[in-house]
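I opened this notebook to record what I looked up on pockets and on the ligand. The entries follow the order in which I consulted the structure.

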Amino acid sequence: MNSTVRLAVQKSGRLSEGSMKLISSCGIHVSNGKGKLKAMASNFPIEFLFLRDDDIPGYVADGVADLGIVGENVVAEKDKDVKAIKKLGFSRCRLSIAIEKSKPYKGIQDLEGKNIATSYPKILGDYLSKNGVKADIHEISGSVEIAPSIGLAEAVCDIVSSGSTLFTNGLKEVETIYRSEAVMIANHNLDAEKEEIINKLLFRIEALQSAQNNKYILLNAPEQSLDKIISLLPGMRSPTVLPLAEKGWVSVHSVINENDFWEKIEGLREAGAEGILVVPIEKMIL
Ligand code: PRT
Ligand code: ZN
């Protein structure tokens, strides 16, 4: 197979580190020297393009890149013809409307006729029209949060993560209109060879994501509580049970999900489990 997939990632910014960490956790080596705009992976048929995040959806739609890693907010705003193929779980944030702290706010109707500064006119426009509100959208490309204090707008609509930027600019969040995380996007018309490479990449990403959501658990238990313990620990197929040197005791190994982790641990202790060890999993192939 001679095909190479081109993956567009952000050159420098809030997505860069997460994107390259994901790639390296997939066992793909690439040296992206400073200032380089392109780089080839040494052990996987991928070429990287380092771009501004705003340009990524367009490049993927046009087929200059086959794949891209970008914020869902940018994909929604640019509205290009690309398909989102995998949520990646990093660079989480929300797009919110905020007004001056001292101003009253009862609901979205309070935004009627207001001037709202944003870098996201499409997402904001869609949200307002869905809610039957007419407002003036004032598009600006950066430093949105200072707009109210300099008299440019009565409200802003911008990305929020911790909320500290809004706070230091004397603003309060009144509506969350969009939730975002990094996502992998793909061109619609890829040939079979490229699809195959992308499936290999997705397989590795899924192994990492399953591993992150699960923990490996080892515990000791008296043989008579084994049935109860096994019922609490489904495992990948079923738990491993090994005899301990001490008669009447066994060691049980399994995998548990992050979501119901503490409930499971409590249940296991009540059932007589001792010496519980919980260890992270690096990769998980189902
Ligand atoms: O140069 P380039 O165009 O490539 O980058 P950029 O400056 O446009 O984007 P960048 O690197 O700032 O963000 C890239 C993506 O990261 C965004 O599109 C979001 O999907 C995601 N992301 C996650 C964020 C934030 N968190 C974030 N906190 N993007 C921006 N911010 C900014 C926000 O604009 C505001 O100024 O951080 C400030 C708010 O942060 P808090 O923590 O004070 O609330
Ligand atoms: Zn940008």
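The entries below cover the two pockets I examined and then the ligand.

**Entry 1. Status of the model.** I note at the outset that this is a predicted model.

**Entry 2. Largest pocket.** I looked up the volume of the largest pocket and found about 1000 Å³. I then listed its lining, which comprises 37 residues. Nearest the centre of the largest pocket I recorded Arg14, Asn73, Tyr120, Asp158 and Ile159.

**Entry 3. Origin of that lining.** I asked which elements each supply at least two residues of the lining of the largest pocket. I found helix H3 (72-78), strand S9 (155-160) and helix H5 (164-168). The largest share comes from H3, with four residues. At the level of domains, I noted that domain 1 (5-87 + 182-211) and domain 2 (93-180) each provide at least three residues of this lining.

**Entry 4. Character of that lining.** I sorted the lining of the largest pocket by class and obtained 15 polar, eleven nonpolar and eleven charged residues.

**Entry 5. Second largest pocket.** I turned next to the second largest pocket, which holds about 310 Å³ of space. Its lining consists of 15 residues, and I recorded Leu22, Leu88, Phe90, Leu208 and Gln212 as the closest to its centre. Helix H1 (16-25) and helix H6 (192-212) are the elements that give two or more residues to this lining. H6 gives the most, namely five residues. By class, I entered seven nonpolar, five polar and three charged residues for the lining of the second largest pocket.

**Entry 6. Surroundings of ligand 1.** I asked how many residues surround ligand 1. The number is 21, and the closest are Arg14, Asn73, Ser162, Gly163 and Thr165. I cross-checked these names against the largest pocket: Arg14 and Asn73 are also among the residues nearest the centre of that pocket.

**Entry 7. Polar contacts of ligand 1.** I looked up distances from oxygen atoms of ligand 1 to N or O atoms of the protein. For the side chain of Ser162, the distance is 2.6 Å. For Gly163, a backbone N or O atom lies 2.7 Å from a ligand oxygen. For the side chain of Glu145, I recorded 3.0 Å.

**Entry 8. Cover of ligand 1.** I finally asked what share of the accessible area of ligand 1 the protein covers. On its own, ligand 1 has 850 Å² of accessible area, of which the protein covers 78%.

Methods: Residues numbered from 1 in each chain as written. Chains lettered and ligands numbered in written order. Predicted model: local features only at pLDDT ≥ 70, side-chain atom pairs only at ≥ 80, totals over all residues. Heavy atoms only, no water. 1 Å grid on protein atoms, 1.4 Å probe; cavity = no way out; pocket = protein on both sides within 12 Å on 5 of 7 lines; lining within 4 Å. Points joined across faces, edges and corners; volume = space filled by probe spheres on them. Nonpolar A, V, L, I, M, F, W, Y, C, P; charged D, E, K, R; others polar. Domains from an automatic or database assignment. Near = heavy atom within 4 Å. Polar contact = N/O pair within 3.5 Å; in protein donor to acceptor, adjacent residues only side chain to side chain. Areas by Shrake-Rupley, 256 points an atom, 1.4 Å probe, with all protein chains shown as cover.
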